[in-house]
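Reader: Please take one part of what is shown here and go through it closely. I am a first-year student, so give each term with its cut-offs.

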Amino acid sequence: MQVFLNADNVRFSYLSDDEPPVKNEVLKGVSLSVRKGEFVAVLGHNGSGKSTLAKCFNAINLPESGTVTVNGMDTADESRLLDIRKSAGMVFQNPDNQIVATIVEEDVAFALENLGVEPAEIRRRVDESLKLVDMYDYRMHAPHKLSGGQKQRVAIAGILAMDPECILLDEPTAMLDPRGRAEVMSTIKMLNKTKGTTIVLITHYMEEAAQADRVVVIDDGEVLLDGTPKEIFSQVETMKNLGLDVPQVTELVWRLRKDGYDLPADIITEDECVNALSKLLGGKGDAL
Amino acid sequence: MFKDITLGQFFPGDSVVHKMDPRVKLVLTVLFIIMLFSAKNVYGLLVGIAFTAISYLLSRIPFSMILKSMKPIIPIVAFTAVLNIFFIRTGKMLWHIGFIKIYDEGINTAVFMVTRIICLIVGSSLLTYTTSPIDLTDAIERLLSPLKKIGAPVHELAMMMTIALRFIPTLIEETDKIMNAQKARGSELDTGTFREKVRGMVPIFIPLFVSSFRRAEELAVAMECRCYHGGEGRTRMKQLSAAPRDLFACIYLAVFWAGTIAMNLFFK
């Protein structure tokens, strides 16, 4: 499949506010490519550089050295800036800080208004996006009266309206309650499955990462692990050494295995765990 | 404590006045104010009062809202009345107690001024009652857009107003949270002398400012991600279009304006 996002040996650093400024290198030669239609979860603890990398794919950050391309367009090429941002939209952690307008539908229209789309076409695409994230009934509401999950879905609709081929989500569920998290996750998965949208999801929740096609672990500005969720999460000890968790069920199975029980090492979902445990206990497989 | 704050004073509805083009409403409100100031006597003002009353009937705004809009201006009205009654010293003297002398022209001017102020506030409140803040911002941006040619930052100002309107409820909520957090740490906000109360506000405003700057930064990045690059080449989803009712509204004001002029001429 065609490569959609590509980072090649990317370095990036922030300058601190001190006098003289201290250079703080956040990305130390990251190479990563994401194919079209893939659902990639990016893991890493705070300060590992994962958000910085996401902002590189959106031309918010320009790499110091190395190149970043989005659908073949170099992010350093300023003439393609809007095209890049249009094809790789970004959703942030705090829904409150990314909603611009005082009415839901006006906010969803914001990106299209910026792009100079015809009013009738804006109307059509705004309605379509709101229906897609199941927020159409709230189109005339004030954003501050919505729940966290609803606000985040409005933010996603605002990006969807641009009809991007890829959506980068920077911890979109971090500030939400469990219900809001479930809403946002099912929206993301639906977009990936039905529209074939490429998804890059930065998250702290291992259960969310387990639902992706591929997991990338970033630590200290470098890509450390890259593989399917099963491949990554079965390395329980490596993950723990990095200060990261694994899904609860994986941890449970890992501990049981350490105590000598015969269970497969690559269990990452609850269903798999239930089946494996009931088989071990002599049940029929799906007895619960 | 901030929960019951209403944003602006928009009173949603679907009357003719609500449905009017906000640009027309804005221009007519300005003209209405000029009309009130051009009235030279009480009869001219009566025309203005009639105009206001009919407009309110058409907008179906409840009477209690009118009283509410008058509340904040009571001190100004009282001050104007007192000033005129006691300090105008022409015409016939009506009473005098010691050095306080009240003349009939003082009373007349006081009544005239007070009526004018009340009519002015009540009449122009109709604009904010029937137009949402966002429509109003939109109208201002479009009306002022010719000024862009001479380099006035019209789009930027309108964008700032929109963002301010969007963030008022968010910041109010945040203020509430910070106040509760500070109260939980034992700061006493409601007691003490005025000085102590003011000092008590410092630990509320500093976190509020810090977080506002952080929000502003995040919002700026989010706006850039959505291809925001200033007002150039921007389109709008909502198109404003003047309907026949807007023309009628103009005629309606013109008739009353003619009435005001007539009153000026007949009653000198």
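**Chain A and its open sheet**

Author: Chain A has a radius of gyration of 21 Å (taken over C-alpha atoms), which agrees with the value near 19 Å for a compact globule of 288 residues; that rule is 2.2 Å times the number of residues to the power 0.38. This is a predicted model, in which local features need pLDDT of at least 70 and side-chain atom pairs count only at pLDDT 80 or more, while totals for chains, interfaces and linings use all residues. Residues are numbered from 1 along each chain as its sequence is written, and chains are lettered from A and ligands numbered from 1 in the order in which they are written.

Along the principal axes, the C-alpha atoms of chain A fill a box of roughly 65 × 50 × 40 Å. Of the 288 residues in chain A, 47% are buried (20 or more other C-beta atoms, placed from the backbone, within 10 Å of their own). The domain assignment splits chain A into domain 1 (3-229) and domain 2 (247-288), and their C-alpha centres lie 34 Å apart.

Chain A has eleven helices and ten strands (DSSP runs of H or I, at least four residues, and of E, at least two). Four strands of chain A form an open sheet in the order β2-β1-β4-β5, with antiparallel pairing (pairing takes at least two DSSP bridges). Its edge strands, β2 (23-35) and β5 (73-74), each pair on one side only. At the β5 edge, β4 (residues 65-70) of chain A and β5(A) are antiparallel over two bridges. In β5(A), A:M73 is the bridge partner of A:V70.

Notes:
Domain bounds come from an automatic or database domain assignment. A residue is buried if 20 or more other C-beta atoms lie within 10 Å of its own, exposed if 12 or fewer, and partly exposed in between; C-beta atoms are placed from the backbone.
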